[in-house]
Amino acid sequence: ALLSEMRAAMGRAPAVYAGFDPTADGLHVGSLVQLMALRLMQRHGLRPVALLGGATGMIGDPSGRDSERSLLSEEQVRANVAGIRKDIERLIDFGPGECAAELVDNAEWYEAMSAVQLLRDVG
């Protein structure tokens, strides 16, 4: 009932997302849990969105760890995003339909921003 109400209010299937860091050229086993959750949600009427961190993957990891992740070149991050994209496309359904998955890369909107624009608009 709640899903039907959400769909009616939004005019389309509600979305659920998971994010993927491009620190390697393919997904690791830990990502499988996220992808299986997206796949399960898709089967139950939600629209999965896989968010690739093409922009955020080019900066250090602010998660409070003892060591920062290695900074990768732009070319390596782009190659990793391409590899991860292929992995994701094999596991969730991007075909036509109300619950078709969407794959987005945050580089698409962050790379066009200047530092001033980012600080002003994002904080």
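I started with a definition: a residue counts as partly exposed when its relative accessible area falls between the buried range, under 20%, and the exposed range, over 50%. I also noted that this is a predicted model.

**Entry: Trp 109**

I looked up Trp 109 and found a relative accessible area of 40%, so Trp 109 is partly exposed. Trp 109 sits in helix 4, which covers residues 107–110. Next I asked which residues make a nonpolar surface patch with Trp 109. They are Tyr 110, Leu 118 and Val 122, and the patch comes to about 350 Å².

**Entry: the largest pocket**

Two of those names, Tyr 110 and Leu 118, came up again when I listed the lining of the largest pocket. The lining also includes Ala 55, Thr 56 and Ile 59, along with Glu 111, Met 113, Ser 114 and Ala 115. I sorted the lining residues into 6 nonpolar, 2 polar and 1 charged. The space in this pocket is about 160 Å³.

**Entry: Pro 22**

Is Pro 22 buried or exposed? Its relative accessible area is 2%, so I wrote down buried. I found Pro 22 in the loop that runs between strand 1 (15–20) and helix 2 (29–43). I then checked Pro 22 against Ala 107: they are 85 residues apart in sequence, and their C-alpha atoms are 11 Å apart in space.

**Entry: salt bridges**

Side chains of opposite charge can pair when their charged atoms come close. I counted 6 salt bridges in the structure, and I followed some of them.

- Glu 98 and Arg 7 meet through their side chains at 2.8 Å, N to O. Glu 98 is in the loop between helix 3 (74–91) and strand 3 (102–105) and Arg 7 is in helix 1 (residues 2–10), so this pair ties together parts 91 residues apart in sequence. Glu 98 is partly exposed at 46%, and Arg 7 is partly exposed at 22%.
- Arg 47 and Glu 102 form a salt bridge at 3.6 Å, N to O. Arg 47 belongs to strand 2 (residues 47–52) and Glu 102 to strand 3, and the pair links distant parts of the chain, 55 residues apart. Arg 47 counts as buried at 8% relative accessibility, whereas Glu 102 is partly exposed at 35%.
- Arg 78 and Glu 74 have their closest N and O atoms 3.2 Å apart. About one helical turn separates them, because they are 4 residues apart in helix 3. Arg 78 is partly exposed at 42%, and so is Glu 74 at 43%.

My last note goes back to Glu 111 from the pocket lining: Glu 111 is linked with Glu 74 and Arg 78 in a network of salt bridges.

Terms used:
Residues numbered from 1 in each chain as written. Predicted model: local features only at pLDDT ≥ 70, side-chain atom pairs only at ≥ 80, totals over all residues. Heavy atoms only, no water. Patch = residues over 30% accessible without salt bridge, like charges linked within 9 Å, V, L, I, M, F, W, Y side chains within 5 Å. Areas by Shrake-Rupley, 256 points an atom, 1.4 Å probe, with all protein chains shown as cover. Salt bridge = Lys/Arg side-chain N within 4 Å of Asp/Glu carboxyl O. Helix = DSSP H or I, 4+ residues; strand = E, 2+ residues; numbered from the N terminus. Buried < 20%, exposed > 50% of the residue type's maximum accessible area, 1.4 Å probe, protein only. 1 Å grid on protein atoms, 1.4 Å probe; cavity = no way out; pocket = protein on both sides within 12 Å on 5 of 7 lines; lining within 4 Å. Points joined across faces, edges and corners; volume = space filled by probe spheres on them. Nonpolar A, V, L, I, M, F, W, Y, C, P; charged D, E, K, R; others polar.
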